[in-house]
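Please look over the sequence and the structure shown here before reading on. The explanation afterwards goes from one chain to its parts and then to the places where two chains meet.

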Amino acid sequence: MQRRTKETLIKQAFLATAATSLAVLALIMIFLFMEGLPTFGFVSVQDFLFGMDWYPTDEARPDYGILPLFAASGAVTLLSSLLAIPLGVMSAVYLAEIASPKVRAVAKPVVEMLASLPSVVIGFFGMVVLAPFLQEFFDIAIGLNLFNASLMLAFMSVPTIASVSEDAIYAVPRELKEASLALGATHLETLLRVTLPAALSGIGTAVILGMSRAIGETMVVLMVAGGAAIMPDSIFGPVRPMPASIAAEMAEAPFRGHHYHALFATAMVLFLVTLFFNIMADYISHKHRQTGSASL
Amino acid sequence: MTVQATTIAPMPGSTAASGSLSRTSGRDLRRKTSQWVAFMLLRGAILLVAAALAIIVGFLVKNGISAISWNFLFDVPRNYMTEGGVWPCIVGTLLLSLGAMAVALPLGVASAIYLHEYAKPGTFMRIIRLGVNNLAGVPSVVFGLFGLGLFVTAMGLGVSLIAGWLTLGVLCLPVVIGTTEEALRSVPNTYREASLALGGTKWQTIWRVVLPSALPGILTGSILGISRAAGETAAIMFTAAVFYTPKMPNSIFSDVMALPYHIYVLATAGTEIEKTRPIQFGTALVLIALVLGMNIFAIGLRAWLQKRHGK
């Protein structure tokens, strides 16, 4: 009996620890809301979300409109996805379906190492190498801009997209592919018409997770996006996405002043956007899970 | 690349005359060519990814190697950080990442044990999993603000090592949970069954059988976690790292300098951005050597393990 009590206690202890992640997530939300919500005491929700001007340090009449920051985040994420999605999915297909075990043993660590590069290093590279290059190559005034940031972000989300899609492609049951090959389809035809459609929900999850990573990435956009809080008007224009604004201004914002609260509110928006993306990814991967060869 | 589904080879025994045979062989050639082209494109994609890694690392090595010297590694920054070395930053980064792992490892391993060994599939497990996945997706700057709000301000720890450990610890938690679960999955079920059949309880089985076999995999995961924490910048900007401090950390409440933040500061806000370029490249090189070194070690360890398990 005593033995059983001990086992139960141990199980309960593990359960409590497993709930830590949930507790942390809840705490993050509580603190963001606690420090962010006071913002709406001095600016209306509408002016905050749709205001066109972000001048939080103006002494006479500060403006707290995050639309330019929000639009900049959207712009860098979309532009980087244009490169990252095809590149990531194609790499995944190559790794899962085409590469020989030997090539795979080298190529997979390469993708993982790209994922492990610290974001500040990628940002630094964008600043000192890519920016001067872009300036010269496209003959533009500033190399630190939307295009540069998107390019650097793309290489940060490629590993996420590639590894999650690879798992999905790998999980497609063998029988499906064999059936297609037995009917005389080539490897490519099987890939395009059987394997990829069967893995589509996993690839969708991968794409969403990759985009969520790009939206939340801070150091790259802080260092290479240019930093101008204006609506993005050209791909070579400087912008200031939400994470960049938070990271750059937090150190100077007076503690619990209006600016401080407004930055927390911006973080709240950023958090909710990534939360939405992650829940969507989770929903898709559960709803359309490939449970067997029959469900295609 | 759009190949019609109807172009599959004709059934044997169909009324294929010699003329239609040559037509099919032409079609086969086209199918083979399009497959060759498509596979070349896929190969090109992975090569582009590899090239990106090679170019970034290559540039940093090429420009940073000249800055590296005994003095650079083991001296303190001098003359408003325009001369001298990065020793305090190396110490700070090591302390931060190891401390973060000390926070994340017990919590992460215990969570993974619950999720893999105890939990039965159901709503509760779904919710915990959703929590872990969402925690993994929280932007690092949000972790930074959370650390600032909870550890630095509300708990009154100030900008300190301990605040950095806790912030980075929860940031690494999903990495540790994920890799530990993978390690637990690779332990064959027969091990568990053998222990249970001998009369071992669930806990005895986990403690004496499952964990020892999963240990190398957990080690791999914790190395990856440490390297993740070592490269993190946004999460320590408001919680642990400072622009410059003349003293080495001497208690858990000390603020520290760290490699990633040092790069950011010198590259964007230093007094002489152009003049300190060599120091910036050198610091970046030290950081990626540290991070990639740990990763290569972990990847090698994993490959060795998989070989041992005969997969």
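What follows is a walk through a predicted model, beginning with chain A.

The secondary structure of chain A consists of 12 helices and two strands, and if you follow the chain along its sequence you meet these elements in the order α-α-α-β-β-α-α-α-α-α-α-α-α-α. The C-alpha trace of chain A extends over about 75 × 70 × 30 Å when it is laid along its principal axes. Of the 296 residues in chain A, 51% are buried. Among the contacts in chain A whose partners have a separation of 6 or more, 73% join residues that stand 24 or more positions apart.

Chain A can next be read in terms of its domains, for which the assignment gives domain 1, covering 2–37, and domain 2, covering 69–295. The C-alpha centres of these two domains of chain A are 30 Å apart, and the contact between them brings four residues of domain 1 together with six residues of domain 2. On the domain 1 side of that contact in chain A, two residues are nonpolar, one is polar and one is charged.

Chain B is likewise divided into a domain 1, here residues 20–64, and a domain 2, here residues 70–308. In chain B the centres of the two domains, taken over C-alpha atoms, are separated by 36 Å, and five residues of domain 1 are in contact with five residues of domain 2. The side of domain 1 of chain B that touches domain 2 of chain B is made up of three nonpolar and two polar residues, with no charged ones.

We can now turn to the contact between the chains, to which chain A gives 72 residues and chain B gives 70 residues. On the side of chain A that touches chain B, the largest share comes from helix α2 of chain A (residues 20–36), which supplies 10 residues. Sorted by class, this side of chain A holds 50 nonpolar, 14 polar and eight charged residues.

One helix of chain A is worth following in detail, namely helix α11 (residues 242–249). Why is helix α11 of chain A described as largely enclosed by the rest of the structure? The description follows because six of its eight residues are buried, and these are A:Met242, A:Pro243, A:Ala244, A:Ser245, A:Ile246 and A:Ala247. The cover over the buried residues of α11(A) includes, from chain A, α4 (67–98), α9 (187–216), α10 (219–224) and α12 (258–287), and it also includes α5 (140–154) from chain B.

The helix α12(A), which is part of that cover, also meets a helix of the other chain. Two packed helices are described by the angle between their axes and the distance between the axes. The axes of α12(A) and helix α4 of chain B (residues 123–137) come within 9 Å and cross at roughly 135°, which means that α12(A) is oblique to α4(B). The crossing of α12(A) past α4(B) is right-handed. From α12(A) the residues A:Thr274, A:Leu275, A:Phe277, A:Asn278 and A:Asp282 take part, and they meet B:Leu130, B:Asn133, B:Asn134 and B:Gly137 of α4(B). By class, this contact of α12(A) with α4(B) contains three nonpolar, five polar and one charged residues.

Methods:
Residues are numbered from 1 along each chain as its sequence is written. Chains are lettered from A and ligands numbered from 1 in the order in which they are written. This is a predicted model: local features need pLDDT of at least 70, side-chain atom pairs count only at pLDDT 80 or more; totals for chains, interfaces and linings use all residues. Two residues are in contact if their C-beta atoms, placed from the backbone, lie within 7 Å. Helices (H or I, at least four residues) and strands (E, at least two) are DSSP runs, numbered from the N terminus. Ala, Val, Leu, Ile, Met, Phe, Trp, Tyr, Cys and Pro count as nonpolar, Asp, Glu, Lys and Arg as charged, and the others, Gly among them, as polar. Domain bounds come from an automatic or database domain assignment. A residue is buried if 20 or more other C-beta atoms lie within 10 Å of its own, exposed if 12 or fewer, and partly exposed in between; C-beta atoms are placed from the backbone. Axes are lines fitted to C-alpha atoms, for helices over the stretch in contact, and angles run from 0 to 180 degrees between N-to-C directions. Angles under 35 degrees count as roughly parallel, over 145 as roughly antiparallel, 65 to 115 as roughly perpendicular and the rest as oblique. A crossing is left-handed if the near helix is turned anticlockwise from the far one by less than a right angle, and right-handed if clockwise.
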